[in-house]
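Here's a quick briefing to read with the model open in your viewer. Take a look at the fold before going through the bullets.

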Amino acid sequence: MPTNPTHLQRQVWLKPQLPVRCLMLSDSMGTPAAESKPAANAEAARAEFCRAGIPDEVTTKVLKQYQCYHGWDVDTKLRPALKLWVEQVGSQQLSARLQKYPQLLLRTPEECSGVYQWLASIGADAERIQQKVPHVMARPLDQVQSTVWAIQQALRLRDDQMPAFLRRHASCLLYTPKRVGQTLHTVAELLAVPVTPDDVLEVVMVCDERLFAINPDMLFQLVSFFCEEFGGGQRAARAALKQCIYRVPEETMRARAADLRALLGWTEDELNQWVTAHPLILTLRPSTVASNIQKLQAHSFSSTQALHVFATRPSIAGYDWSSSANKEKLTYLRHVLQLSHVELTSSPPLLSTSLALKIGPRSEFLHACKGVSPDISLAVSGVLSYIVSRSDANFAARFNNLSASPPLVYDDQFKRHWQQRWTFLVCEMGLSYAVICACRPLLQTSLLNTLAPRWHFLILLETVRTDFKAADHLTALATLSDEHFAQAFSSATMGLVYDHNFIHRARGNLCRFCY
């Protein structure tokens, strides 16, 4: 095969070289009305679902979405089908599956398990696929296999690459080889220049999971309209595919672009250049964008700063800045990391980075291992890119060797410990961000060995001594050795002794914060 195929050649390599099954899933699983006995009434069908342990609200939903069950003979068809599934997976699991796929009873558990087992045998996450698109398990096994092989052939995927593809696009298994081949061909055609299967794969792997659900002709029409309306050529087409512009009707794109231009005060050329680089913005309602910009300004960002952040990182306009999670992130950035609004405005990716997964544990690791001086702002220390954009492996490789004794290792355990400790400080101890910031050793204290047992001990003291406040002794809690803490706070007369037995009991009472 040539490295740079022509347009005609692209059609050849994208066309699956397999017998094409022209029937879609809905065709192959149509209503088998002919073999059913005279219809039972709706109440009889409802009663049978109830007898099988299916909740009434689920039964209502299922019978509304798939009314053919009303026509199934109760004794010979509906009851045996329900009984078979209940015996196999139980009423609760059957109820959950029927909510996602009302036509499930058209297939037996054995037929569905065949698809499940085959997907597992090729390394795919069959359980995840079953949860996301249970319809797949009800397709005939040979049809699922044909779809997988067609994709594998079209994109030249190795066997070990297929599980990752199916993790991203499990819904492709609902469609025939012909349909998935048409979708892949359309993607190649939209990229306009000679492409290889690797080029198509790189784009498809970042597309929305609904890529295969949209009609290929409609996919071509919407992306082509975007490129014609806003310019940008092949680069714009690639961005439009990656950022799911095919979810937005043509007139909606045009109307939203006009609203954004009015909101930002830009010229048409300025807006077009920006939209072709960030098509994602047209998937958001302009009213949502305007509202979230105002909510960001409510956190003391100026109008200019908020618009700059939005223009640089359009996805931020989709964040609700009044939500508790985003308010917590902003407060952490401002008060714990002490970043100014100017510094945050110059580093918009920080605002779209997870506090629990990256910002919190990574910034604390840097302080703990002396990767950055406590007197220097993270914004001028040169490490923000490591906090925001580097992988865990890259971050660990850069900073793990900085700690001396005891050695610190940035790994999943360190991240979990930070998340649990932060939750304990904020939720269990009820400390404000200002208090936490004023006593940074709290952020480096072992939750199970020190922080939780000592806080529990101080709270007990507070309950028996009216002149004692646990929150007044945070520095001692975080910095004293066990021996010195016991000397300072144990009270034999009150029956409160801080020792290994107390620590062991306290840890046992805090299982929800354990690993």
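What share of the contacts in the protein chain with a separation of 6 or more comes from residues 24 or more positions apart? The figure is 70%. Keep in mind that this is a predicted model. On secondary structure, the protein chain comes out at 30 helices and zero strands. Of its 515 residues, 46% are buried.

**Salt bridges**

- There are 19 salt bridges in the structure. In general terms, side chains of opposite charge can pair when their charged atoms come close.
- One of them joins the side chains of Arg-51 and Glu-48, at 2.6 Å from N to O. Both residues belong to helix α3 (residues 42–51), where they sit three residues apart, or about one turn of the helix.
- The two ends of that bridge differ in exposure: Arg-51 is exposed at 58% relative accessible area, whereas Glu-48 is buried at 4%.
- Glu-202 and Lys-242 also meet through their side chains, with a salt bridge of 2.7 Å from N to O. This pair links distant parts of the chain, since Glu-202 is in helix α12 (residues 197–204) and Lys-242 is in helix α14 (residues 233–242), 40 residues apart.
- Glu-202 counts as partly exposed at 37% relative accessibility, and Lys-242 is also partly exposed, at 26%.
- A further bridge runs between Arg-254 and Glu-229, whose closest N and O atoms are 3.0 Å apart. Arg-254 is in helix α15 (residues 250–264) and Glu-229 in helix α13 (residues 216–230), so this bridge ties together parts that are 25 residues apart in sequence.
- Arg-254 is partly exposed, with 33% relative accessibility, and Glu-229 is partly exposed too, at 28%.
- Bridges with shared partners also build a network: Glu-48, Arg-51, Asp-75 and Arg-79 are joined into one.

**Aromatic rings**

- The count of aromatic pairs comes to 27.
- Tyr-66 and Tyr-69 make an edge-to-face pair, with 4.9 Å centre to centre and 70 degrees between the planes. Both Tyr-66 and Tyr-69 are buried.
- Which way do the rings of Trp-422 and Tyr-433 pair, stacked or edge-to-face? Their planes are at 25 degrees and their centres 5.6 Å apart, so the pair is stacked; the cut-off for stacking is under 30 degrees.
- That pair links distant parts of the chain, with Trp-422 in helix α25 (residues 412–428) and Tyr-433 in helix α26 (residues 433–438), eleven residues apart. Trp-422 is buried, at 5% relative accessibility.
- Six residues, namely Phe-365, Tyr-386, Phe-395, Phe-399, Tyr-410 and Phe-414, form one aromatic cluster.

**Charges over rings**

- Tyr-386 from that cluster has the charged end of Arg-398 over its ring, 5.8 Å from the centre.
- Lys-77 lies over the face of Trp-72, at 4.4 Å from the ring centre.

**Helix α18 and its cover**

- Which residues of helix α18 (residues 303–312) are buried? They are Gln-305, Ala-306, Val-309, Phe-310 and Ala-311.
- The cover over these buried residues includes α15, α16 (268–277), α17 (286–297) and α20 (341–345). Helix α15 has come up already, as the helix that holds Arg-254.

**A polar contact at helix α24**

- Asn-394 is part of helix α24 (residues 392–399) and is partly exposed, at 34% relative accessibility.
- The side chain of Asn-394 makes a polar contact with the side chain of Arg-390, at 3.3 Å.

**Cysteines**

- How many disulfides does a search of the whole structure find? The result is zero. As background, a disulfide is a covalent bond between the sulfur atoms of two cysteines.
- Cys-50 is exposed, at 54% relative accessibility, whereas Cys-439 is buried, at 7%.

Terms used:
Residues are numbered from 1 along each chain as its sequence is written. This is a predicted model: local features need pLDDT of at least 70, side-chain atom pairs count only at pLDDT 80 or more; totals for chains, interfaces and linings use all residues. Side-chain values use heavy atoms; hydrogens and water are left out. A salt bridge is a side-chain nitrogen of Lys or Arg within 4 Å of a carboxyl oxygen of Asp or Glu. Helices (H or I, at least four residues) and strands (E, at least two) are DSSP runs, numbered from the N terminus. Buried means under 20% relative accessible area, exposed over 50%, partly exposed in between (1.4 Å probe, protein chains only). Contact means heavy atoms within 4.5 Å. A polar contact is a pair of N or O atoms within 3.5 Å; within protein, one must be able to donate a hydrogen and the other to accept it, and residues adjacent in sequence count only if both atoms are side-chain atoms. A disulfide is a pair of cysteine sulfur atoms within 2.5 Å. Rings of Phe, Tyr and Trp (its six-membered ring) pair if their centres lie within 6.5 Å; planes under 30 degrees apart count as stacked, over 60 as edge-to-face and the rest as tilted. A charge sits over a ring if NZ of Lys or CZ of Arg is within 6 Å of the ring centre and within 35 degrees of the ring normal.
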